[in-house]
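The exercises below are meant to be worked through with the sequence and the structure side by side. Try each task before reading the solution that follows.

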Amino acid sequence: MTEPSSSGTTPVRLIDRLLVRWRAVRIAPSVLVSNPEPRMVGHYARGRQMIAGNFLIAGELIEAPGRIPFSARSAEAVDALHGFEWLDHLAVVGDARARALAQSGVLDWITRYGRGAGPGWVPGLAGRRVIRMIAHALFLLQGMAAQDQTRLLHSIGLHADYLARRAARAAPGLPRIEAQVGHLYAALALEGLSGTVPFVTRHMVAASEALIDKDGGIATRNPEELLQVFELLGWAAQALADQGQTPPKALLDQLDRIAGSLRVLRHADGGLARFHGGGRGTEGALAEALVIHDRLCTQRLGPVGERAMGYLRLAAGRCTVIIDAAPPPIRAAAGSAHASTLAFELSSNRRPVIVSCGDGRSFGADWHRASRATASHSTLAFEGYSSSRFAARSKARPELAEGPRHVGVELRHAPHKRAVALSHDGYLASHGLEHLRYLDLSADGRVLSGADTLVAMTKADKHRFRDVLARSGGAGVPFALRFHLHPEAEASLDMNGTAVSVALRSGEIWVFRAEGLDLTLAPSVYLEKGRLKPRPSQQIVLSLRALEDTTQINWSMAKAQETPTALRDLEQDNPLAVPQL
């Protein structure tokens, strides 16, 4: 969830700007008495790109040799620039050129926007920015002229004053956590504010308690957003501990709950499930956040659970299946929720195999709309329909207005399998049919079996389905089962089109079959945050027509017999390589 910081001027934003301008002439330069260790995960390759003048921000490439740009086309890119996330990458490089660029960028921002101008003065974004200004203070202050050091310290003090007055008014969700944690960072770091730390901490804990449910999830059901909240609260708890203060038990309990949920939402390859606007998470961020949690929380977590935040996890051997097993978050995130009910993702060892297309927001409005449709997920969809309906109120950003009212989940585990029966009624109103999905993961993780069924349960449902069938001229109601593949999974049709072989870079071979059905391979896309354009990929498609009150399709995805259960995955990515754009 983001604050509307980059759109038109609202009365609230005007108040924020006027407050900053008024307080700027009354705040004296502050003194840093401490600064927390930087715990943000930056990337060396991104920092080198920035030094070369290329800024890849929220899917937008900006060329700005020798300076930090603060203008961009998309609101997400503007927020990232004014949130100082680029500081994380430059600090990882850490050489003289990186420091000079970081210093000039911060000072340029202070000159242009430091007294209330620009889009960055909303509480959440200000909190995100001051966290980085304080965490990277030693990196920034080294070699900086005395008058510039004074300007930087004055700006940090102004942020602290602003957040003391406006943090509680940040937009609910992640922006409010950013604002509250930023306020705490400032209270811990600046001279004369130590007495406010207990008060600030209480407000931060109250804000996070309102956001995090008893099971450690959040209402938007966005796994990556949950990770960002986990990171922020972990940084706050560690900052308190570094100052010799015991983090509140309520805060540690929140971290425990979130850690349990994130372990459910984490694939075998370490990435998060990509549903409802979330990506896999910044590389290394989840591991670093869990290290902080484990250091602060002495209570040992039990085995990884099976359900969290409306998702279900089946894990066996070296295979993980994560399923969207709840209605979409229409109330909490109607503008970003996906019609992905009963879709699943599959990973094997550290390689994604079956995926969702992802979130297309950074690639423009058309890609964003398309990525949210059911056809962009690995599940069943009727031709021209999604399991949730999109309202037409906003063409640029349609909202989910109606989705499945009931999603059934029944675990059917046995010694030889991890299995679940699921159902949803998202097509009941339009077609009179319910979608039933049965998934069965073998105990060794080598075979995932599935059965997808469309069924009209009641007389009224059967009547509605027959009306739809009659409108088709008796030719049947077209639908498709889709299984989107990761771009690095190479697929080919085998056995006269009755099987698909999927080769992973690790050397594993998976074979997809469907009983008595011809399969097709069709183009697909993998919408990955941080890239300039979608990555081409493939999808396995079973195109069928519903002719009866009940239609069932059985399929399986199994490792080839010659593929060992355990193998050494020697294919490594170069951590210092500049990523493809």
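Contact here means heavy atoms within 4.5 Å. The model is a predicted one.

**Exercise 1. Find where Gly59 lies, decide whether Gly59 is buried or exposed, and list what Gly59 is in contact with, leaving aside neighbours within four places in sequence.**

Step 1. Gly59 sits in the loop between β1 and β2.

Step 2. Buried means under 20% relative accessible area. Because the relative accessibility of Gly59 is 10%, Gly59 counts as buried.

Step 3. Once its neighbours within four places in sequence are left aside, Gly59 is in contact with Ser362, Gly530, Arg531 and Leu532. One of these partners, Gly530, is 471 residues apart from Gly59 in sequence, yet the two are 4.8 Å apart in space, C-alpha to C-alpha.

**Exercise 2. Describe how helix α3 is covered, and work out how α3 and α6 are placed relative to each other.**

Step 1. Helix α3 is mostly covered, with six of its eight residues buried; these are Ala77, Val78, Asp79, Ala80, Leu81 and His82.

Step 2. The elements that the buried residues of α3 pack against are β1 (54–57), β2 (60–63), α4 (86–93), α5 and α6.

Step 3. For the pair formed by α3 (residues 75–82) and α6 (residues 123–135), the axes come within 9 Å and cross at roughly 40°. That angle makes α3 oblique to α6.

Step 4. In this contact, Asp79, Ala80 and His82 of α3 meet Leu125, Arg128 and Arg129 of α6. The residues of the contact divide into two nonpolar, one polar and three charged.

Step 5. Just after α3, Phe84 takes a positive phi of about 65°.

**Exercise 3. Compare the span of helix α5 with the expected one, and look at the start of α5.**

Step 1. Helix α5 covers residues 96–113, which is 18 residues, and reaches 25 Å from its first C-alpha to its last, close to the 26 Å expected at 1.5 Å a residue.

Step 2. At the start of α5, a side-chain oxygen of Asp95 comes to within 3.3 Å of the backbone nitrogen of Arg97.

Step 3. The buried residues of α5 include Arg99, Gln103, Trp109 and Tyr113.

**Exercise 4. Characterise Arg39 and Thr453 by their location, their burial and their side-chain polar contacts.**

Step 1. Arg39 lies in the loop between α1 (11–24) and α2 (44–51), and it counts as buried because its relative accessibility is 9%.

Step 2. The side chains of Arg39 and Asp242 are joined by a polar contact of 3.2 Å. Not counting residues up to four places away in sequence, Arg39 touches Trp235, Gln238, Asp242, Glu288, Ile292 and Arg295.

Step 3. Thr453 is found in strand β14 (residues 447–455), and at 10% relative accessibility Thr453 counts as buried.

Step 4. The side chain of Thr453 makes a polar contact of 3.3 Å with the side chain of Gln552. With neighbours within four places in sequence left aside, residues in contact with Thr453 include Glu434, His435 and Thr550.

**Exercise 5. What is the phi of Arg221 and of Asn349, and where does each residue lie?**

Step 1. Arg221, although it is not a glycine, has a positive phi of about 60°. Arg221 is found in the loop between α10 (197–211) and α11 (223–242), and is buried, with a relative accessible area of 7%.

Step 2. Asn349, although it is not a glycine, has a positive phi of about 55°. Asn349 lies in the loop between β6 (344–348) and β7 (351–355), and counts as buried at 11% relative accessibility.

Definitions and conventions. Residues are numbered from 1 along each chain as its sequence is written. This is a predicted model: local features need pLDDT of at least 70, side-chain atom pairs count only at pLDDT 80 or more; totals for chains, interfaces and linings use all residues. Side-chain values use heavy atoms; hydrogens and water are left out. Axes are lines fitted to C-alpha atoms, for helices over the stretch in contact, and angles run from 0 to 180 degrees between N-to-C directions. Helices (H or I, at least four residues) and strands (E, at least two) are DSSP runs, numbered from the N terminus. Angles under 35 degrees count as roughly parallel, over 145 as roughly antiparallel, 65 to 115 as roughly perpendicular and the rest as oblique. Ala, Val, Leu, Ile, Met, Phe, Trp, Tyr, Cys and Pro count as nonpolar, Asp, Glu, Lys and Arg as charged, and the others, Gly among them, as polar. The expected span of a helix is 1.5 Å times one less than its number of residues. Buried means under 20% relative accessible area, exposed over 50%, partly exposed in between (1.4 Å probe, protein chains only). A polar contact is a pair of N or O atoms within 3.5 Å; within protein, one must be able to donate a hydrogen and the other to accept it, and residues adjacent in sequence count only if both atoms are side-chain atoms.
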